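Here are a few short exercises to work through with the model open in your viewer. Try each one before you read its solution.

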Amino acid sequence: MINMAENYNRRRESRNELRFHFYWALERGERNNAINIGNQIVQMDKELKELYAQYQFYKTRGTYPLKKI
């Protein structure tokens, strides 16, 4: 469970860095770069949401379901 929390926090920090670069690209007029970074932020949000759901599931049941491949 500690690894899950560390992974979540690491990804959250990465998302914050992406946000910084997103606004920096907008300030510099690099629209395409900002769009690419924005897409990465959206993907990161999905990953964070999934990690949080896994954590909640693990917290209540002591294990989490495996993904289908």
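**Exercise 1.** Leaving aside its neighbours within four places in sequence, which residues is I37 in contact with?

*Solution.* Keep in mind that this is a predicted model. Start at I37 and skip anything within four places in sequence; the contacts left are L18, H21 and F22.

**Exercise 2.** Find the residues of the largest nonpolar core, then work out which helix gives the largest share of them.

*Solution.* Step one: list the members. I37 and L18 turn up again, joined by I41, M44 and L48, which makes five residues. Step two: assign them. Helix 2, covering residues 31–61, supplies four residues, the largest share of this core.

**Exercise 3.** How many aromatic pairs does a search of the whole structure find? Classify the pair made by Y8 and Y52.

*Solution.* The search turns up three aromatic pairs. For Y8 and Y52, the ring centres sit 6.4 Å apart and the planes meet at 50 degrees. Stacked needs under 30 degrees and edge-to-face over 60, so this pair is tilted. Now place the two rings: Y8 is in helix 1 (residues 2–27) and Y52 in helix 2, 44 residues apart, so the pair links distant parts of the chain.

**Exercise 4.** Do the same for F22 and Y23, then sort out the exposure of the tyrosines Y8, Y52 and Y23.

*Solution.* F22 and Y23 are 5.2 Å centre to centre with 75 degrees between the planes, an edge-to-face pair. On exposure, Y8 has 24% relative accessibility, so Y8 counts as partly exposed. Y52 comes out at 45%, also partly exposed. Y23 has a relative accessible area of 45% and is partly exposed too.

Note on methods. Residues numbered from 1 in each chain as written. Predicted model: local features only at pLDDT ≥ 70, side-chain atom pairs only at ≥ 80, totals over all residues. Heavy atoms only, no water. Core = buried A, V, L, I, M, F, W, Y, C linked by side-chain atoms within 4.5 Å. Buried < 20%, exposed > 50% of the residue type's maximum accessible area, 1.4 Å probe, protein only. Helix = DSSP H or I, 4+ residues; strand = E, 2+ residues; numbered from the N terminus. Contact = heavy atoms within 4.5 Å. Phe/Tyr/Trp six-rings, centres within 6.5 Å; stacked < 30°, edge-to-face > 60°.
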